[in-house]
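Please read this note alongside the sequence and the structure. It is meant for a colleague who has not looked at either before.

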Amino acid sequence: MSLFDLPMSELHRKLHKKELKVSDLVDQSYKRIAEVEDKVKAFVTLDEEKARTYASQLDEALGTDRSFGTLFGMPIGVKDNIVTKNLRTTCSSKILENFDPIYDATVVQKLQQAEAVTIGKLNMDEFAMGSSTENSGLQVTRNPWNLDHVPGGSSGGSAAAVAAGEVPFSLGSDTGGSIRQPAAYCGVVGLKPTYGRVSRFGLVAFASSLDQIGPITRNVADNAYLLQSISGLDPMDSTSANVDVPDFSSKLEAGVKGLKIAVPKEYLAEGVDPEVKQSVLDALKVLEKEGAVWEEVSLPHSKYALATYYLISSSEASANLSRFDGVRYGYRTEDAENLIEMYKKTRAEGFGDEVKRRIMLGTFALSSGYYDAYYKKAQQVRTLIKQDFEKIFEDYDVIVGPTTPTPSFKIGENTKDPMTMYANDILTIPVNLAGVPGISVPCGFKDGLPLGLQIIGKHFDEVTVYRVASAYENATDYYKQKPEL
């Protein structure tokens, strides 16, 4: 049995009683990486020397009387679009292949304050644009449950590393489902917090009004502990919300008796795999047995979410990625005779096809004569989608449905069909547009591939989301199952 099969609370207890050293946990991580990384390809950069040195320092602290936080000594992987001082951050793109940041993201600073140990940086779709991690400019990550299948994206490396037992916890980012979808595909727990709950300072921006950093873990309790450590107001981020950070684990054992669950009919409609639909209905029976009640509702504007999302996110990406021009940092073409040619060739050579596709779409949507027809209209529809959620939450505590319409697909299956690829996020995108929190927890299997249950909550009510997720997890054993690599 791996040490990482134990929950964080048990690892913390063993460290406190000196039954375990931090070095043991770090050894376990790098040993597992050596065993399976050639198959999974979740990491793009490892920080082994620094991690082992830090682990030794923390081992010395175990002999003192000082208090230790829950994350003390815990190994963690960080998605490669979250900047780490003196540790390469590439966004899995050629244009940042040699970028070594000079500062840490706020979430990384918080992990350091909690005395967690960063193991390395995790693969992703280039600049977080994708649903399969096939768009990485560095390597293709594979699903630990079936190496012929994708792990999801864009946080595919973050989810695959946890599922494969390389690290017990990781950080991802979620713009349209990029934490929840790979969590579902890889059979782990992934949460997108309320927009503004976690600082975006140091997260390389894709779509600034949608991006949010969140935790990926093996179980719900660990997810709550990790979110606790990275949440809070940050003066470095103007979109960081000035709201209290509650104890996210306070109601993990409260059960769901008396809670009202809404199930959108649109989330179980045509296009959702019958076995995925059945897994959700079975999950609702479990929650019903635990004392919750559920009713079918409608989110009428959700059918516009996909088009709305790709217009807004691509427009914001067009603006955000204009900074990568070869002038100040990152890749620069060696074949240019003047400044304008240098701009053009640097971006043409540095960006991958999917990034170029979204920049072109976003630039068009923001251009003179088209702004009102596309970008402004998309923002108006976004408001309607947000209002749909607010109306439902007047009468219900959470919304429940599938995380993805299908299980993980084969590598290469959808690469030539961008629209089919985009549709994989159809059930997660509305959550980002509305800015509410959502979690994916394992809820079954189809053909040996995991399925995910999505639980969506009110703004800044992650406590209730975790409460429902924990009740379901405690009543099932899907989260205990592991891939055989």
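The points below deal with salt bridges and then with a surface patch.

1. The model is predicted, not determined by experiment. Every value in this note should be read with that in mind.

2. How many salt bridges does a search of the whole structure find? The search gives 20. Some of them are described in the next points.

3. One salt bridge joins the side chains of Arg13 and Glu10, with an N to O distance of 2.7 Å. Both residues lie in helix H1, which covers residues 8-16. Arg13 and Glu10 are three residues apart there, so about one helical turn separates them. Arg13 has a relative accessible area of 31% and is partly exposed. Glu10 is also partly exposed, at 21%; since buried means under 20%, the value for Glu10 falls outside that class.

4. Arg13 has another salt-bridge partner, Glu19, and here the N to O distance is 3.8 Å. The cut-off for a salt bridge is 4 Å, so this pair is counted. Glu19 has a relative accessibility of 47%, which makes it partly exposed; exposed would require over 50%.

5. Elsewhere in the chain, which residue does Glu390 meet in a salt bridge? The partner is Lys386, and the side chains are 2.5 Å apart, N to O. Helix H12, residues 372-392, holds both Glu390 and Lys386. Because they are four residues apart in that helix, the separation is about one helical turn. Glu390 is partly exposed at 33% relative accessibility, and Lys386 is partly exposed at 32%.

6. Returning to the residues around Arg13, salt bridges with shared partners link Glu10, Arg13, Lys14 and Glu19 into one network. Arg13 is one such shared partner, as it bridges to Glu10 and to Glu19.

7. The last point concerns nonpolar side chains. Phe364, Tyr370 and Tyr374 make up a nonpolar patch on the surface. Together these residues have about 280 Å² of accessible area. Phe364 belongs to helix H11, residues 353-366. Is Phe364 buried or exposed? Phe364 falls in between: with a relative accessible area of 38%, it counts as partly exposed. Patch residues must have over 30% relative accessible area, so Phe364 meets that condition.

Technical notes
Residues are numbered from 1 along each chain as its sequence is written. This is a predicted model: local features need pLDDT of at least 70, side-chain atom pairs count only at pLDDT 80 or more; totals for chains, interfaces and linings use all residues. Side-chain values use heavy atoms; hydrogens and water are left out. Helices (H or I, at least four residues) and strands (E, at least two) are DSSP runs, numbered from the N terminus. Buried means under 20% relative accessible area, exposed over 50%, partly exposed in between (1.4 Å probe, protein chains only). Patches are made of residues with over 30% relative accessible area and no salt bridge: like charges are joined within 9 Å, nonpolar side chains (Val, Leu, Ile, Met, Phe, Trp, Tyr) within 5 Å. Accessible areas come from the Shrake-Rupley method with a 1.4 Å probe; for residues, only the protein chains shown count as cover.
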